[in-house]
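Subject: Structure handover

Hello,

Here is the structure for your project folder. Please open it alongside this note.

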Amino acid sequence: MRKGLATLRTRAQRERLVQRVHAYMEARFNPEDIAAACLYWAYVTVGLLRMEGINALLQAGTAAWPRERPGCGDPFKSHFKYVWLPQADKTREDYQRGVLPEMHAWVGIPETDEVIDLTTM
């Protein structure tokens, strides 16, 4: 096991990473801009993890996570979703205009199968 993989084993170590990422983002972005900046959150997280010796990878695409407890409410409206549709006309139009299509970015650590997404906190 590499040295870096041991650095995020405790809750305190994970909270320290979260604090470092938040401090970096808050120092460089306007508060109203950072909520919708998943790519930047993930990029900063990857950089800080790599500085700790952890093989962190930037990942993006379709993502969904629960908005309410299972069994409560409408199952079709129970998750918040970003859907990556590379074949869709809207995606092609966005590319031509230089606009990123709807998708989400997060961090993966392949050695431990962990996913880190600080925008969903």
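Below is what was found in it, from the whole chain down to single residues.

Please keep in mind that this is a predicted model.

**The chain as a whole**

The chain has 4 helices and 5 strands. Starting at the N terminus, their order is α-α-α-β-β-β-α-β-β. There are 121 residues, and 30% of them are buried. Take the contacts with a separation of 6 or more: 50% of these join residues 24 or more positions apart. The exposed area is about 8,400 Å². Carbon and sulfur atoms contribute 56% of that area.

**The sheet**

An open sheet is built from 3 strands, in the order E1-E4-E5. The pairing is antiparallel. Strands E1 (57-61) and E5 (114-116) are at the edges. Each has a single partner strand, so one side of each has no neighbour in the sheet. On average, neighbouring strands here are turned by 40° against each other, direction ignored.

The pairing of E1 with E4 runs over 5 bridges. One residue to look up is Leu-57, whose bridge partner in E4 is Gly-108.

A helix goes with this sheet. Helix H3 spans residues 38-51 and lies across E1, E4 and E5. Its direction is at about 20° to E4.

**The surface patch**

Which residues make the nonpolar surface patch of about 400 Å²? They are Leu-39, Tyr-40, Leu-58 and Leu-100. By residue number, Leu-39 and Tyr-40 belong to helix H3 (residues 38-51), and Leu-58 belongs to strand E1 (57-61). Leu-100 sits in the loop between helix H4 (89-97) and strand E4 (104-109).

Is Leu-100 buried or exposed? Its relative accessible area is 61%. The cut-off for exposed is over 50%, so Leu-100 counts as exposed.

**Asp-94 and the loop**

Asp-94 is a residue of helix H4. Its relative accessibility is 5%. Buried means under 20%, so Asp-94 counts as buried.

What does Asp-94 touch, leaving out residues up to four places away in sequence? The partners are Val-99, Leu-100 and Pro-101. Leu-100 therefore turns up twice: it is exposed at 61% relative accessible area, and it is in contact with Asp-94.

For a quick look on screen, try three views. Start with the sheet E1-E4-E5. Add helix H3 lying across these strands. Then go to Leu-100 in its loop, with Asp-94 touching it.

Best regards

How values were computed: Residues numbered from 1 in each chain as written. Predicted model: local features only at pLDDT ≥ 70, side-chain atom pairs only at ≥ 80, totals over all residues. Heavy atoms only, no water. Helix = DSSP H or I, 4+ residues; strand = E, 2+ residues; numbered from the N terminus. Buried < 20%, exposed > 50% of the residue type's maximum accessible area, 1.4 Å probe, protein only. Contact = heavy atoms within 4.5 Å. Areas by Shrake-Rupley, 256 points an atom, 1.4 Å probe, with all protein chains shown as cover. Patch = residues over 30% accessible without salt bridge, like charges linked within 9 Å, V, L, I, M, F, W, Y side chains within 5 Å. Salt bridge = Lys/Arg side-chain N within 4 Å of Asp/Glu carboxyl O. Pairing = 2+ DSSP bridges. Axes fitted to C-alpha atoms, helices over the stretch in contact; angles between N-to-C directions.
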